[in-house]
Amino acid sequence: MNVTPEQFAALVTEALQDPERMGSDLAYGVQLLRVGSGYHLRPVGDAPAVFVLECYRTIYSIYQPTVSVVPPPV
């Protein structure tokens with residue numbers, strides 16, 4: 001299912017804060033940054049990059065952003 005980059009970032013943040021997901025925390029999130037013709041995600045709070053990437057992959061397997069959204073580097 002296609003979503004906007006803003007919706008995609010919100011879904012990744014939701015996954016990072018999901019109390020059912022091991023390692024989640026309400027202080028975790030991602031910020032959407034415009035870079036060239038696409039977007040990058042930047043972790044907010046002390047969210048571990050590997051956990052952000054795991055959530056990114058989970059959400060990407062269900063929802064694809066209409067414009068390129070790159071996960072943060074690990």
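Arg21 turns out to be buried, its relative accessible area being 19% (buried means under 20% relative accessible area, exposed over 50%, and partly exposed anything in between, with a 1.4 Å probe and protein chains only). This is a predicted model, so local features need pLDDT of at least 70 and side-chain atom pairs count only at pLDDT 80 or more, while totals for chains, interfaces and linings use all residues. Residues are numbered from 1 along each chain as its sequence is written, and side-chain values use heavy atoms, with hydrogens and water left out.

Back to Arg21, which sits in the loop between α1 and β2. Helices (DSSP runs of H or I, at least four residues) and strands (runs of E, at least two) are numbered from the N terminus. Setting aside neighbours within four places in sequence, Arg21 is in contact with Ala15, Phe51, Glu54, Cys55 and Thr58, contact meaning heavy atoms within 4.5 Å. With Glu54 the link is also a salt bridge between side chains, 3.5 Å from N to O; the term needs a side-chain nitrogen of Lys or Arg within 4 Å of a carboxyl oxygen of Asp or Glu. Since Glu54 belongs to helix α2 and Arg21 to the loop between α1 and β2, the pair ties together parts that are 33 residues apart in sequence. The structure holds just 1 salt bridge. Glu54, at 39% relative accessibility, counts as partly exposed.

The same loop between α1 and β2 also carries Leu26. At 68% relative accessibility, Leu26 counts as exposed. Leu26 and Leu53 are 27 residues apart in sequence, with their C-alpha atoms 17 Å apart in space.

Leu53 brings the story to helix α2, where the buried residues are Phe51, Val52, Leu53, Cys55, Tyr56 and Ile59. Their cover includes α1 (5–17), β2 (29–35), β3 (38–44) and β5 (69–70). An α-helix has 3.6 residues a turn, so residues three or four places apart point the same way. As for length, the 12 residues of α2 (residues 49–60) should span 16 Å at 1.5 Å a residue, and the end C-alpha atoms are indeed 16 Å apart, which agrees (the expected span is 1.5 Å times one less than the number of residues).

The largest nonpolar core has 19 residues, and the members touching the most others are Phe8, Val12, Leu16, Val30 and Leu41. Such a core is a set of buried Ala, Val, Leu, Ile, Met, Phe, Trp, Tyr and Cys residues joined through side-chain atoms within 4.5 Å. At least two of its residues come from each of α1, β3 and α2. Leu16, not counting residues up to four places away in sequence, touches Ser24, Asp25, Tyr28, Gly29, Val30, Phe51, Val52 and Cys55.

Zooming out, the protein chain has 2 helices and 5 strands, running β-α-β-β-α-β-β from the N terminus on. Its radius of gyration is 11 Å, close to the 11 Å from the globule rule for 74 residues, so the chain is as compact as a globular protein of that length (the radius is taken over C-alpha atoms, and the rule is 2.2 Å times the number of residues to the power 0.38). Along its principal axes, the C-alpha trace spans about 30 × 25 × 15 Å. Buried residues make up 35% of the 74 residues. Among contacts with a separation of 6 or more, 54% involve residues 24 or more positions apart.
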